Amino acid sequence: MQAPLRIVDSITELGAADAGCVAVSGSHGGMSSARYALTARPLLSVFNDAGVGRDGAGIAALAFLQGHGLAACAVAHDSARIGEASSTYDQGVLSHCNAAAGALGFVPGQPLKQALSNLIHSREETS
């Protein structure tokens, strides 16, 4: 069974009905975004790394969600516009991935669109 793809400018648009989806957002990968993703529990959450920031604040969601067994990754801030999920989806290049996202085949340097295509095809083959 294929996980539905949700493309949302803000991770706050997700709710409990989105559990198991693949969430592509325009949101930064900070802790406030992590809490919304944890509530929605997508199969994968995609954020913008927002330049990573001081002490990794722009990607803090990745480690937090990994601690809850959830896959998360971020695209480079210079590859996609922050706050625009369509830019994340169309032009985003992965910059950071947690271990759970790595287990799904996501690796830094990979265009997000290609990584998502690979995920969809691998899930179709196993269903």
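Me: Why is K113 called partly exposed?
Reply: K113 has a relative accessibility of 39%, and the label depends on fixed limits: buried means under 20% relative accessible area, exposed means over 50%, and partly exposed is what lies in between (1.4 Å probe, protein chains only). Because 39% falls between those two limits, K113 counts as partly exposed. Please keep in mind that this is a predicted model, in which local features need pLDDT of at least 70 and side-chain atom pairs count only at pLDDT 80 or more, while totals for chains, interfaces and linings use all residues. Residues are numbered from 1 along each chain as its sequence is written, and side-chain values use heavy atoms, with hydrogens and water left out.

Me: What makes the pair D90 and K113 a salt bridge?
Reply: A salt bridge is a side-chain nitrogen of Lys or Arg within 4 Å of a carboxyl oxygen of Asp or Glu. The closest N and O atoms of D90 and K113 are 3.2 Å apart, so the pair meets that limit. The two residues come from distant parts of the chain, D90 from helix α3 and K113 from helix α5, 23 residues apart. Helices such as these are DSSP runs (H or I, at least four residues), strands are runs too (E, at least two), and both are numbered from the N terminus. D90, with 42% relative accessibility, is also partly exposed.

Me: How do you know that R81 and E84 form a salt bridge, and how many does the structure hold?
Reply: Their closest N and O atoms are 3.7 Å apart, which is within the 4 Å limit, and therefore the pair qualifies. E84 is partly exposed, at 33% relative accessibility. In total the structure holds three salt bridges.

Me: Is D18 buried or exposed, and what is its salt-bridge partner?
Reply: D18 has a relative accessible area of 14%, and because this is under 20% the residue is buried. Its partner is R6, with the closest N and O atoms 2.9 Å apart. This pair also links distant parts of the chain, since D18 sits in the loop between β1 and β2 (22-28) and R6 in strand β1, twelve residues away. R6 itself, at 28% relative accessibility, counts as partly exposed.

Me: What makes β3 and β4 paired strands?
Reply: Two strands pair if DSSP finds at least two bridges between them, and strand β3 (residues 44-48) is joined to β4 over five bridges in the parallel sense, so the condition is met. For example, S45 has A72 in β4 as its bridge partner. Between these strands the chain passes through helix α2 (residues 60-66), and this β-α-β crossover is right-handed, a word used if, with the strands pointing away from the viewer, the path from the first strand over the helix to the second runs clockwise. On the other hand, β4 and strand β5 (residues 94-97) run antiparallel and are joined by three bridges, with A74 standing opposite H96.

Me: Why are β1 and β5 said to stand at the edges?
Reply: The open sheet has five strands in the order β1-β2-β3-β4-β5, with mixed pairing. β1 (5-8) and β5 each have a single partner strand, so one side of each is left without a neighbour in the sheet.

Me: How do you know that both faces of β4 are covered?
Reply: In a regular strand the side chains alternate between the two faces of the sheet. On one side of β4 stand A71, C73 and V75, on the other A72 and A74, and all of these are buried.

Me: What makes a group of residues a nonpolar core, and which residues have the most contacts inside the largest one?
Reply: A nonpolar core is a set of buried Ala, Val, Leu, Ile, Met, Phe, Trp, Tyr and Cys residues joined through side-chain atoms within 4.5 Å. The largest has 17 residues, and those with the most contacts inside it are L44, V46, C73, L94, F106, L112 and L116. Two or more residues each come from β2, β3, β4, α4 (99-103) and α5, and α5 gives the most, with four residues. Apart from this core lies another, of 16 residues, including L14, C21, A23 and A72.
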